[in-house]
Amino acid sequence: MIVAERKPIAEILANLRQASSVAVVGCDTCVAVCMAGGTKEVAVLSAALRLAARQEGREQLITEACVERQCEVEFNEPLAELVAEHDVILSMACGVGVQTLAEQYPFAVVYPALNTKFMGRPEELGTWSERCLGCGNCVLDKFGGVCPITRCSKNLLNGPCGGSQDGICEVDPSIPCAWQLVYDRLVAIGQLERLWQVEPPKDWTTSRDGGPRKVVREDIVP
Amino acid sequence: MSDARDTSPLVLIGCQRSAGAALARLADEGRALPAHVQWQSVPCGGNIDELMILEAFEIGAERVMVVSCAAGACNSVVGDERARRRTAATRELLEAIGIEGWRLRYETMAPNMGADLLRWVDAFVAPVEESVGEA
Amino acid sequence: MSDPRLIDPRVMVVGQGEDAQRAAALAEAAGCAVVRVPHTGANGDGGASGARIAGVDGYVGGFSVRLAGADEAPVGVGAIVMALGNRRMPAGVDVPKGSHVPVMTPMAWAEKVRRDLREEYRVAWARRRVVVLLDHPSDTPKETAAETLRAVQDVIALAHPGIYAYYRNLQVDTHQLERLTRETREAGVVYCRYDQVELAFGEDGVTVTTEESQRLGDLLVVPEAIHPPVYAGDLAARTGIRVGGDGFLQDVNMRHVGAGETVRRGIYVAGRCHLDADAETQAADVDRVMAKVLALVAGGVARLPDEFAQVASEECIRCLTCIRTCPHGAIELRTSEEVTAAHVVPEACWGCGMCVANCPVRAITLVPAAELVEQEAV
């Protein structure tokens, strides 16, 4: 899922001070699950914004709202009145949701409240870590289900590097060496010989480096 | 330094087994929280969240004290730790919006510490500024 | 699945040893069917089939216990009592090989004196000089010191050896200890404090040297060290209960020693596996905990807490936060009329509200028990 984190309050406030009214709009899908932008976080941030306005002697109307999934125009339609009535829309969705609102309501001023970080999974309650960076050409079959593009700090395809020590990456002791993980998994599933295959340099055109991407299902488009 | 007590609004958020039970015992002795303190009961420290604390400030509290059972005494084992961490996170949030961190306090107690609770409430004042080279 | 509100009248007693025996006997005497699980061989090192717990599903009143061994059918019980006992081992004293000085634990010593009831032995005992180390080698729990002193009293009642009780850090700050030290002192026990003690084993006996004195004893009594049951950690992990920092099974609210309830409603701890004290206190603990268990089972229907959490299933986004948050294991994913959502099992809920605080979409509220009854009546 998409994992995001609330921006520092000072940064959020910097964009809001001139507004006499702010609609804080959350999203109850990915960002709710990673506890950054769901109904509850909207309530918390809104309370903080109201207190900030009071502290700074500003009159500011803060309205709370939350939609099921902010990247879908249908779910954002009921926001039309809210958008019209507020100077600024503060979106607590991921970058996709923020942009959807901006596209859908082109005359609205839409600001992000979150920093969208990565696609990842929860390791335990309250901790999420990166697993996929969307390179567009999945090679998980070759590496026992462990992605060296994402999990190796150096994106190595023929790792490990000399910095792998006791299964830990030299970049940070909290990062497991992805190549150790690849190795262990291939051993576990009896496919270690795959590592004999030398991987050529990655073609990054399937990733963001080739420009913004699009997926079309020709059989589904009307 | 003023000797006057701070009687600005104070919201006391406490779990029913610690502060709640203590207040009940105090009531039996005919003692109560001062008038400027509003008491808010929660079933467990773990039930306390940032919103509760922020709303207390929104309704006019100038100080908020969060109280739970002490470590090891929570019936749900981890409630006190959650309360402590939630309070710390909220304090950061408050400071980022210009409300001084000292205005939010966290304490732990047992039900037989009612007298301590009253004392803490009375002692909950702004930290004394260090005066340098004052005549 | 049977209605979880009705209590399965069977009780599972886990452990072997006197606590488990006592618990099982009490349950049987009250007319409950008892399922005994010794819980041995936890590390896969054998153990008879049905001997250990692999996991516990379900909730209070309707647990389904999976026993080790794939062909074992799960066992249904209403309540589970952990009575694993603990391990008592003689504390470390290095006795050189070939030394004839007997070193005994207090219980063994008292037992021996009891057995040696004939007149000539009584006289022989009177001539002995017994050195008792009350808190060696490191700080001994008060309960152990109390137990040692009770053994001293037992011996004094039967014979009159010279008894020298050495202690370093023992604080006499409970009624029990004050009474025991006073009574034994009045009966002639000599108390000696030390900072450092040296034990030298020789032909004539053991020479005990401290800063203040040197004495020769011909019998050394050393208390046992108490260790948690070997499989406490494994059992706790498999059943959703907790182990404290000291390795013993943990009650909720550790300050409330002897409460006997664990974080998971319907699972109890009794006896030596959660507290250590003398035999009387431990038996009383088992009795007290079993009284709670039997009250639960006899009730027929699981009692609802006054207030419990309830998930608005149409709001639930199935993020699993509440399930992971709940310290009592009271929440599960449930599909009802094709809607899958988190569901709080009311009888297992403690009403702490941690799930309420953590739910990212605020789908959980605390409701009074009366409301659930109303909802179901509709």
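# Asking why: labels in a predicted model

Visitor: Why is A:Glu56 called partly exposed?

Guide: A:Glu56 has a relative accessible area of 33%, and the label buried is kept for values under 20%, exposed for values over 50% and partly exposed for those in between (1.4 Å probe, protein chains only), so A:Glu56 is partly exposed. This is a predicted model, in which local features need pLDDT of at least 70 and side-chain atom pairs count only at pLDDT 80 or more, while totals for chains, interfaces and linings use all residues. Residues are numbered from 1 along each chain as its sequence is written, chains are lettered from A and ligands numbered from 1 in the order in which they are written, and side-chain values use heavy atoms, with hydrogens and water left out.

Visitor: How do you know that A:Arg58 and A:Glu56 meet in a salt bridge?

Guide: A salt bridge needs a side-chain nitrogen of Lys or Arg within 4 Å of a carboxyl oxygen of Asp or Glu, and the side chains of A:Arg58 and A:Glu56 come to 2.8 Å, N to O, so the pair qualifies. A:Arg58, unlike its partner, counts as buried, because its relative accessibility is 17%.

Visitor: What makes A:Arg69 and A:Glu72 a salt bridge, and why are both called partly exposed?

Guide: The closest N and O atoms of A:Arg69 and A:Glu72 are 2.9 Å apart, which satisfies the rule because that distance lies within its limit. The relative accessible area is 30% for A:Arg69 and 28% for A:Glu72, so both count as partly exposed.

Visitor: Why is C:Asp285 called buried, and which residue does C:Asp285 pair with?

Guide: C:Asp285 has a relative accessible area of 1%, so the label buried applies. C:Asp285 forms a salt bridge with C:Arg288, their closest N and O atoms being 3.1 Å apart, and C:Arg288 is partly exposed at 41%. Both residues lie in helix H7 (residues 279-298) of chain C, 3 residues apart, about one turn of the helix. Elsewhere, A:Arg17, A:Glu56 and A:Arg58 are joined into one network by salt bridges that share partners.

Visitor: How many salt bridges does the structure hold over all chains, and how many does the rule find across the interface of chain B and chain C?

Guide: The structure holds 32 over all chains, whereas the rule finds 0 across the interface of chain B and chain C. That contact, meaning heavy atoms within 4.5 Å, nevertheless takes 19 residues from chain B and 21 residues from chain C.

How values were computed: Helices (H or I, at least four residues) and strands (E, at least two) are DSSP runs, numbered from the N terminus.
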